[in-house]
Amino acid sequence: MGNFRTLLIWQKAMLLVTQTYNATKLFPKEEIFGLTSQIRRCAVSIPSNIAEGYGRKSNPEFIRFVNIASGSLFELQTQIEIALNVGLLNEVDFKNLKTEWFYLAIKLARIASNPEYTDSYHDLAGYAMLLEKEHEHTN
């Protein structure tokens with residue numbers, strides 16, 4: 001079955017986590033235990049559930065966790081829109097996050113409706129690029 005890190009959907013979800021953390025860095029300190037924490041936990045939940053489901057080594061279990069990840073994505077969308085509406089998030093960050101979540105929503109729905117789709121969804125080159133980006137940020 002391979003490694004969950006080679007799943008393009010997991011890679012894109014990891015990028016959404018990074019974008020979410022960057023977009024919420026400038027939220028006020030009084031929101032650290034409120035909307036900031038809530039938004040970040042939702043974002044982290046998406047690739048975490050994809051990885052956990054993939055690790056279960058069965059299509060029904062993987063699909064169950066893909067559906068949980070999808071639920072977290074919709075929760076994230078709602079919280080990001082709230083952040084925009086109350087003036088915590090700027091329009092540029094909102095549009096960037098929206099682009100990513102729209103892509104993920106489509107792909108998660110496709111995987112949930114067609115488990116065979118997952119087998120063709122590996123991208124080793126994308127994983128290598130993700131590792132390079134992580135290495136650049138740590139140095």
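**Entry 1: α1 and α4**

I began with this pair of helices: α1 and α4 are roughly antiparallel to each other, because angles over 145 degrees count as such and this pair packs at about 155°. I noted 10 Å between the two axes. The crossing of α1 and α4 is left-handed. On the α1 side I found L8, I9, K12, A13, L16, Q19, T20 and A23 making the contact, and on the α4 side D93, N96, L97, E100, Y103, L104, K107, L108 and I111. A reminder to myself before going on: this is a predicted model.

**Entry 2: the overall picture**

Next I stepped back to look at the whole chain. I counted 5 helices and 0 strands, so to speak an α-α-α-α-α run from the N terminus on. The protein has 139 residues, and 40% of them count as buried. I then checked how far apart in sequence the contacting residues lie. Among contacts with a separation of 6 or more, 71% are between residues 24 or more positions apart. The accessible surface comes to about 7,800 Å², and carbon and sulfur atoms hold 57% of that area.

**Entry 3: α1 and α2**

Back to helix pairs. I looked up α1 with α2 and found an angle of about 170°, with the axes 9 Å apart. That makes α1 roughly antiparallel to α2. From α1, the residues that meet α2 are I9, W10, A13, M14, L16, V17, T20, Y21 and T24. Their partners in α2 are T36, I39, R40, A43, V44, I46, P47, I50 and A51.

**Entry 4: α3 and α4**

How do α3 and α4 pack, and at what angle? I read an angle of about 160°, with 10 Å between the axes. These two helices are therefore roughly antiparallel to each other, and their crossing is left-handed. The α3 side of the contact is made by F62, I63, V66, N67, A69, S70, L73, Q77, I80, E81 and L84. Facing them in α4 I listed E91, F94, L97, W101, L104, A105, L108, I111 and A112.

**Entry 5: the nonpolar core**

I wanted to know which residues have the most contacts inside the largest nonpolar core. This core has 33 residues, and the ones to note are I46, I50, F62, L73, L76, I80 and L89. At least two core residues come from each of α1 (8-24), α2 (35-55), α3 (59-85) and α4 (91-113). Helix α3 supplies the largest share, with 9 residues.

**Entry 6: I46 and L76**

I picked I46 from that core list for a closer look. I46 sits in helix α2. Is I46 buried or exposed? I46 has a relative accessible area of 0%, and since buried means under 20%, I46 is buried. Leaving out residues up to four places away in sequence, I46 touches A13, L16, A69, S72, L73 and L76. I also checked I46 against F65, which is 19 residues away along the chain, and their C-alpha atoms are separated by 9.2 Å.

L76 was my next stop. With the same sequence neighbours left out, L76 touches L16, T20, I39, C42, A43 and I46.

**Entry 7: W101**

I went on to W101, which lies in helix α4. Its relative accessible area is 5%, which puts W101 among the buried residues. Beyond residues up to four places away in sequence, W101 touches L73, Q77, I80, E81 and F94. For W101 and L73 I noted a C-alpha to C-alpha distance of 7.0 Å, with their places 28 residues apart in sequence.

**Entry 8: I82**

How accessible is I82, and what does I82 count as? I82 belongs to helix α3. At 38% relative accessibility, I82 counts as partly exposed, because the cut-offs for buried and exposed are under 20% and over 50%. I82 and L35 are 47 residues apart in sequence, yet 8.8 Å apart in space, C-alpha to C-alpha.

**Entry 9: K57**

My last look was at the loop between α2 and α3, where K57 is placed. The backbone caught my eye here: phi of K57 is near 65°, a positive value in a residue other than glycine. K57 is exposed, with a relative accessible area of 54%.

Technical notes. Residues numbered from 1 in each chain as written. Predicted model: local features only at pLDDT ≥ 70, side-chain atom pairs only at ≥ 80, totals over all residues. Heavy atoms only, no water. Core = buried A, V, L, I, M, F, W, Y, C linked by side-chain atoms within 4.5 Å. Buried < 20%, exposed > 50% of the residue type's maximum accessible area, 1.4 Å probe, protein only. Helix = DSSP H or I, 4+ residues; strand = E, 2+ residues; numbered from the N terminus. Contact = heavy atoms within 4.5 Å. Areas by Shrake-Rupley, 256 points an atom, 1.4 Å probe, with all protein chains shown as cover. Axes fitted to C-alpha atoms, helices over the stretch in contact; angles between N-to-C directions. Parallel < 35°, antiparallel > 145°, perpendicular 65-115°, else oblique. Left-handed = near helix turned anticlockwise from the far one by under 90°.
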